[in-house]
Structures are given as C-alpha cells and as structure tokens.
Amino acid sequence: MRAFVVVSHTGPLTGDFSLSDLPGGAGRIDVLCRCATEAFLLSHGIRKDVWLYLVIRDRLTIALEGSRLRHLNPDERSTAALLRRAITRAQGISPGEEAESTPGIYVRWEDLASLLGRLQGEGFEPVLLDEEGSFLRTAPLPRWPAFVLSDHRNFTPEERELLSAFPKITVGPLVLHGHQCITLVHNELDLREAGWVNGSSSPR
Ligand SMILES: C[S@@+](CC[C@H](N)C(=O)[O-])C[C@H]1O[C@@H](n2cnc3c(N)ncnc32)[C@H](O)[C@@H]1O
C-alpha cells in the first residue's frame with residue numbers, strides 16, 4: 001500500500017467556487033487535481049493500492065481510495081468537480097465524522113497532525129518529500145510509506161516542526177512540482193516491486 005499526503009495552504013473550504021477558475025477563485029485546487037491524476041491514473045486503468053490525502057488549510061482532509069475510486073478522469077475540471085462535491089458534503093458533518101461524497105472519496109474535518117497519527121495507527125510510516133533528503137533511488141523505504149509533500153508553497157515552520165521526526169527523501173536535484181514528485185515516487189516503487197533494481201534485472 002502507498003499513500004500520499006498533499007498539504008494545501010490555499011485550497012477552498014467551501015464549495016462555492018467556479019470550475020472555470022481553478023487556479024484563482026478555487027485557491028489553486030488545480031494543484032490538487034494534478035496530484036490526484038498522478039496518484040491514481042495509469043494509461044488504461046487506476047492504481048488500486050494507493051490512498052491520497054488532501055489536507056486543506058490544516059482543517060479539512062479529503063481522502064481518495066484507489067480500490068473504490070470512480071469517475072476520476074485525466075482532466076482537471078472533472079477532478080475539481082469531484083473535490084467540490086466532497087468539500088460541499090463536508091459542510092454537513094461534525095468534527096470526528098466522515099462522509100463519502102462519491103465512491104472512494106471521503107471527507108472529514110481533520111488537521112495534518114491528527115491525520116498523520118491516524119495513518120501511523122493504520123500501519124503507514126510517513127516520509128517527507130524534501131529537496132534536501134536522502135536520494136529516492138537508494139534510500140530504504142518503509143513497506144507502507146505515506147509520502148508527505150507541500151503544494152505550490154513551502155511548508156510552514158509549524159508544519160516543518162511537526163514533520164521533523166520523519167525521514168526525508170529527495171527525488172532529485174531540482175525543485176519539482178508536487179505531482180511530478182508523485183510520478184517519480186510511483187515509478188521507483190514500481191521498479192522495486194518488479195525487481196528492476198540497480199540494473200540487476202532488466203525488462204527484456
Ligand atoms: C512546488 S514544491 C513547493 C515549493 C518549493 N519549495 C519552492 O521552493 O517553490 C512542492 C513540493 O514538492 C516536493 N518536492 C519538490 N521538489 C522535490 C525534490 N527534488 N525532492 C523531493 N521533494 C520535492 C516538496 O515536498 C515540495 O514541498
């Protein structure tokens with residue numbers, strides 16, 4: 001099982017945004033949409049062994065579960081519509097409650113610290129995606145990693161403090177977009193699972 005936790009500093013907490021203005025009025029929800037696409041979509045299928053958590057403004061967590069997920073398409077607009085439904089659904093629930101807005105998409109009022117604690121209780125081990133970490137290609141990784149990454153902004157000092165206990169991994173020397181990091185992490189895990197490690201095995 002693999003998980004990704006995307007920390008969104010500007011995403012919307014209410015569903016009253018236009019699907020025609022995702023980078024503006026919707027608080028860069030386009031960043032989250034691209035992360036969802038890269039977390040789940042294969043050319044002709046969906047990754048079922050993945051969870052994606054979108055933590056918006058340290059208040060609202062949207063969870064997407066690959067094994068149940070439906071209606072996720074490659075375009076950002078339809079993904080934003082799914083997220084908008086989740087955010088709208090959240091308005092009717094109390095702290096501690098969870099609701100499924102569409103198949104495989106769940107929402108609850110939960111902050112990053114609480115989510116990380118819950119994931120650890122479920123067997124995931126958080127790993128921080130950080131430009132200054134150990135190199136992904138050679139670093140040991142937990143069996144059930146939960147990769148934590150930020151959106152278009154840096155982590156805040158408070159988030160850095162919260163995340164300081166976890167191992168840091170870098171995907172390479174350049175600062176990439178979050179969704180690009182997700183693709184590279186998936187590729188590395190795919191290679192490891194298929195036994196294509198360190199050139200000791202090759203496709204054909
Ligand atoms: C677009 S970056 C965030 C903004 C970036 N810190 C900056 O200076 O503009 C989004 C996230 O992707 C991850 N990231 C980007 N490049 C990375 C790299 N080379 N290795 C590991 N993680 C990376 C980090 O978690 C980062 O917070």
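I will talk about the ligand in this structure and the pocket around it, and I should say at the outset that the model is predicted.

Let me begin with the pocket, since the space taken by the ligand is the largest pocket. Its volume comes to about 510 Å³, and 25 residues line it, with Glu131, Ser150, Asp151, Val175 and Leu176 lying nearest its centre. If you want to find that lining on the fold, α1 (29-40), β8, β9, β10 and α5 are the elements that give it two or more residues each. Sorted by class, the lining divides into 10 nonpolar, eight polar and seven charged residues.

Turning to the ligand itself, there are 18 residues around it, and those that come nearest are Leu129, Asn154, Gly172, Leu174 and Leu176. At least two residues of this shell are supplied by each of β8 (125-135), β9 (145-150), β10 (168-170) and α5 (178-194), and the largest share, three residues, comes from β8. In this shell we have eight nonpolar, six polar and four charged residues.

Which backbone atoms, then, lie close to polar atoms of the ligand? For Leu129, a backbone N or O atom lies 2.7 Å from an oxygen atom of the ligand, while for Asp130 a backbone N or O atom lies 3.4 Å from a ligand nitrogen atom. At Ser150, a polar backbone atom is 3.5 Å from an oxygen atom of the ligand. As for how much of the ligand is covered, on its own it has 570 Å² of accessible area, and the protein covers 84% of that.

How values were computed. Residues are numbered from 1 along each chain as its sequence is written. This is a predicted model: local features need pLDDT of at least 70, side-chain atom pairs count only at pLDDT 80 or more; totals for chains, interfaces and linings use all residues. Side-chain values use heavy atoms; hydrogens and water are left out. A residue is near a molecule or strand if one of its heavy atoms lies within 4 Å of it. A polar contact is a pair of N or O atoms within 3.5 Å; within protein, one must be able to donate a hydrogen and the other to accept it, and residues adjacent in sequence count only if both atoms are side-chain atoms. Accessible areas come from the Shrake-Rupley method with a 1.4 Å probe; for residues, only the protein chains shown count as cover. On a 1 Å grid over the protein atoms alone, a cavity is a set of points where a 1.4 Å probe fits but cannot get out, and a pocket is an open set with protein on both sides within 12 Å along at least five of seven lines; lining residues have an atom within 4 Å of a point. A molecule sits in a cavity or pocket if more than half of its atoms lie within 2 Å of its grid points. Helices (H or I, at least four residues) and strands (E, at least two) are DSSP runs, numbered from the N terminus. Ala, Val, Leu, Ile, Met, Phe, Trp, Tyr, Cys and Pro count as nonpolar, Asp, Glu, Lys and Arg as charged, and the others, Gly among them, as polar. Grid points are joined across faces, edges and corners, and a volume is the space filled by probe spheres set on the points.
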